[in-house]
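Me: Pick one spot in this model and take a close look at it for me. Then work outward from there, so I can see how the surroundings fit together.

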Amino acid sequence: PPGFYIQAFANGLDTVLANYHDMVVDLEKKFLKKPTTSLMFIFHEINKFRPLFEFLLRLINGIQTQKKFGCQILQVLQDNSMHGSDEIMEAVLVIQRSVYVVFIQQLCQWLIYGKFVDTYNEFFIVHGEEGEDKRPLYLTQASINTFNSSDPSVNTDLWHYEINFDM
């Protein structure tokens, strides 16, 4: 499904694969200058990226088969962040940074403004039904003070948000 997180994931993949694209362009230039360049040389150069491609393919297939989207992609990336290869670990970090940008933007919108636009229902905070009056399950002094506040916007809006545990 479309979404900001999957787009950020794709952007991260593009960044990770930039070195591969550059290497292919360089190989094309070398071949055009010297058409007798051996296929073994080209294979050897391209084969350096094989472990990265295999890992990225498993990562993408895992996201597709498990039908992960939104904030769930962050968990998949976290689960795959520890790896024996420095190159693969760096690739995961690049993709994570790209996806975290979307997460941080949504989190800041919710924390700073108290509202956000979640077009694709990807965030772990969701706005509940308007008619429901959600009260905290565990009352603390802060939640009691907030609930008893004279500010009507606090009383009407605050308790309509809940955590989507699937995310």
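Reply: Contact here means heavy atoms within 4.5 Å. Keep in mind that this is a predicted model. The spot I'd pick is Phe 69, which is found in the loop between H4 and H5. Leaving out neighbours up to four places away in sequence, Phe 69 is in contact with Pro 1, Tyr 120, Asn 121, Glu 122 and Met 167. Phe 4 belongs in the picture as well: its C-alpha lies 9.3 Å from that of Phe 69, with the two positions 65 residues apart in sequence.

Is Phe 69 buried or exposed? Neither label fits, because its relative accessibility is 29% and the partly exposed class covers what falls between under 20% and over 50%. So Phe 69 counts as partly exposed.

Now for the loop itself. Lys 67 also sits between H4 and helix H5 (72-79). The backbone is worth a glance there: phi of Lys 67 is near 55°, a positive value, and the residue isn't a glycine. Lys 67 counts as exposed because its relative accessibility is 65%, where the cut-off is over 50%.

One of the residues touching Phe 69 is Asn 121, which takes us to another loop, the one between H6 and strand E1 (125-127). Asn 121 has a positive phi too, about 55°, again without being a glycine. With a relative accessible area of 52%, Asn 121 is exposed.

Next, the helices on either side of the Phe 69 loop. H5 pairs with helix H1 (residues 4-16): their axes come within 9 Å and cross at roughly 35°. Tyr 5, Ile 6 and Phe 9 make the contact from the H1 side, and Ile 73, Leu 74 and Leu 77 from the H5 side. What kinds of residues are these? Six are nonpolar, with no polar and no charged residues in the H1 and H5 contact.

H4 (residues 50-65) goes with helix H6 (residues 86-113), the axes coming within 10 Å and crossing at roughly 45°. H4 is therefore oblique to H6, and the crossing is right-handed. On H4 the contact uses Pro 51, Leu 52, Phe 55 and Leu 56, while H6 supplies Glu 87, Ile 88, Ala 91, Val 92 and Ile 95. That contact divides into eight nonpolar residues, one charged and no polar.

What does Asn 80 touch, setting aside residues up to four places away in sequence? Its partners are Phe 55, Leu 59 and Val 92, and two names from the H4 and H6 contact, Phe 55 and Val 92, come up again there. Asn 80 belongs to the loop between H5 and H6. From Asn 80 to Phe 55 is 9.4 Å, C-alpha to C-alpha, and 25 residues in sequence. Asn 80 is partly exposed, at a relative accessible area of 27%.

Further along H6 is Ser 98. Ser 98 counts as buried because its relative accessible area is 18%, and the cut-off is under 20%. Again leaving out residues up to four places away in sequence, Ser 98 touches Ala 8, Asn 11 and Gly 12.

Another buried residue to look at is Thr 37, with a relative accessible area of 17%. Thr 37 lies in the loop between helix H2 (18-33) and helix H3 (39-47). A polar atom of the Thr 37 side chain is 2.6 Å from the backbone oxygen of Lys 34. Beyond four places in sequence, Thr 37 touches Lys 30, Phe 31 and Ile 42.

Finally, zooming out to the whole chain. The protein chain has eight helices and two strands, ordered α-α-α-α-α-α-β-α-α-β from the N terminus. It has 167 residues, of which 30% count as buried. Among contacts with a separation of 6 or more, 66% join residues 24 or more positions apart. With 65 residues of separation in sequence, the Phe 69 and Phe 4 pair brings us back to the spot where we began.

Methods. Residues are numbered from 1 along each chain as its sequence is written. This is a predicted model: local features need pLDDT of at least 70, side-chain atom pairs count only at pLDDT 80 or more; totals for chains, interfaces and linings use all residues. Side-chain values use heavy atoms; hydrogens and water are left out. Axes are lines fitted to C-alpha atoms, for helices over the stretch in contact, and angles run from 0 to 180 degrees between N-to-C directions. Helices (H or I, at least four residues) and strands (E, at least two) are DSSP runs, numbered from the N terminus. Angles under 35 degrees count as roughly parallel, over 145 as roughly antiparallel, 65 to 115 as roughly perpendicular and the rest as oblique. A crossing is left-handed if the near helix is turned anticlockwise from the far one by less than a right angle, and right-handed if clockwise. Ala, Val, Leu, Ile, Met, Phe, Trp, Tyr, Cys and Pro count as nonpolar, Asp, Glu, Lys and Arg as charged, and the others, Gly among them, as polar. Buried means under 20% relative accessible area, exposed over 50%, partly exposed in between (1.4 Å probe, protein chains only). A polar contact is a pair of N or O atoms within 3.5 Å; within protein, one must be able to donate a hydrogen and the other to accept it, and residues adjacent in sequence count only if both atoms are side-chain atoms.
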